[in-house]
Amino acid sequence: MKFIDEAKIYIKSGNGGAGCVSFRREKFIPEGGPDGGDGGRGGSIIMRAVGGLNTLVDYRFQQHFKAKNGGHGMGSQRYGKAAPNMMLDVPLGTQIYDEDRETLLADFTEVGQEITLAAGGRGGLGNIHFKSSTNQAPRQSVPAGLGEERTLWLKLKLLSDGGLLGLPNAGKSTFLAAVSAAKPKIADYPFTTLAPQLGVVSVGDHEFVLADIPGLIEGAAQGKGLGLRFLGHVERCGVLLHLIDAMGEDVVADYKTVRHELEEFDAELAAKPTLLALNKCDTIDEKEIAKKVKALKKASGGEVYAISAAAHQGIKELLVIMSKTIDEYRLQQREEKERNRPMMLPLHEMGDGDA
């Protein structure tokens with residue numbers, strides 16, 4: 001399935017059905033009167049988050065969505081049928097923006113979340129509503145409401161717990177394949193991943209989702225390469241794993257290039273917990289490894305892990321640390337959610353005073 005993380009759609013809810021102006025006329029029944037029924041409500045367009053999806057490809061090939069109109073009212077007090085709502089399913093992590101691409105309407109982070117994007121038009125009122133002792137033959141009705149129409153932008157930000165960062169050919173796809181059941185493209189010639197890949201990593205009794213983001217290049221923050229387009233997918237990660245190619249001539253320059261692009265793109269993203277690993281250490285000798293690890297420690301001010309994804313060296317220790325960092329992030333998110341939840345007053349404190 002092709003990975004699509006952005007789509008533009010046009011939606012229109014259904015119009016309400018017209019109210020009916022009708023009078024009861026039946027043989028052998030002397031008392032007639034107004035009996036026009038109401039029209040039915042038009043269908044609304046509702047978007048909801050579902051599991052099992054990880055792309056917006058369905059909205060690349062179909063961009064127009066129109067709900068059905070409500071049924072018209074008829075005589076004999078027959079009411080029009082309400083039109084069914086149209087449900088649009090999107091993957092977790094989808095954000096909905098208005099046509100200006102800046103006004104955020106919804107951000108789906110949990111399965112089952114819903115939002116009504118366009119409400120269906122109300123049904124019109126028939127003349128049965130206007131009968132009275134002084135108006136026994138009303139010929140007026142209330143027009144039906146029109147549906148809403150709007151243009152929206154959908155943007156997908158994958159909900160991964162951890163994200164892999166690095167220059168092209170740093171070994172991110174190889175690392176993902178080594179620690180999960182994901183099958184990204186891997187070859188013995190230089191190329192870069194063209195779309196984010198997801199894998200589920202198991203560490204003891206814990207599991208977390210790891211995303212491989214296309215490689216960053218110098219100038220990505222100004223729109224060069226593919227990495228900038230996909231950086232939004234790691235904004236929700238609890239930890240970033242920055243991989244450095246041990247075969248590179250200047251590993252410190254490689255490290256600073258990615259850090260600079262992160263800071264240019266989003267300072268909050270650059271401030272996330274980040275683990276630094278020197279990859280492909282099976283291709284150089286111990287002396288060279290020690291030299292490059294020391295240089296990276298000095299440049300980053302933190303711990304540097306010497307690993308080889310292809311040879312499965314040093315990976316277990318790194319995954320344990322990633323899992324602990326992610327657990328801490330999840331706990332922090334839950335606590336923040338609890339703090340922001342509206343406080344509900346006890347019933348005995350919600351009365352009307354002394355009354």
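1. A good place to start is the largest nonpolar core, which has 22 residues, with F175, F208, L210, L241, L318, L319 and M322 making the most contacts inside it. Here a core is a set of buried Ala, Val, Leu, Ile, Met, Phe, Trp, Tyr and Cys residues joined through side-chain atoms within 4.5 Å; buried means under 20% relative accessible area with a 1.4 Å probe, protein chains only. At least two core residues come from each of α2 (172-179), β12 (197-203), β13 (206-212), β14 (239-245), β15 (274-279) and α7 (315-340), and α7 gives the largest share, five residues.

2. A word on the basis: this is a predicted model, in which local features need pLDDT of at least 70 and side-chain atom pairs count only at pLDDT 80 or more, while totals for chains, interfaces and linings use all residues. Residues are numbered from 1 along each chain as its sequence is written, and side-chain values use heavy atoms, without hydrogens and water.

3. Not counting residues up to four places away in sequence, L318 touches F175, L241, L275, A277, Y305 and I307 (contact: heavy atoms within 4.5 Å). A second, separate core of 21 residues includes M47, F65, I96 and A118.

4. Next, the open sheet: five strands in the order β5-β1-β10-β7-β8, with mixed pairing (strands are DSSP E runs of at least two residues, helices H or I runs of at least four, numbered from the N terminus; pairing needs at least two DSSP bridges). Its edge strands are β5 (64-66) and β8 (104-107). Strand β1 (residues 6-12) runs parallel to β5, joined by three bridges, and Y10 stands opposite H64 in β5.

5. Finally, T151 sits in strand β10 (residues 149-156) and is buried, at 16% relative accessible area. Beyond its neighbours within four places in sequence, T151 contacts K8, I9, Y10, D98 and E99.

How values were computed:
Buried means under 20% relative accessible area, exposed over 50%, partly exposed in between (1.4 Å probe, protein chains only).
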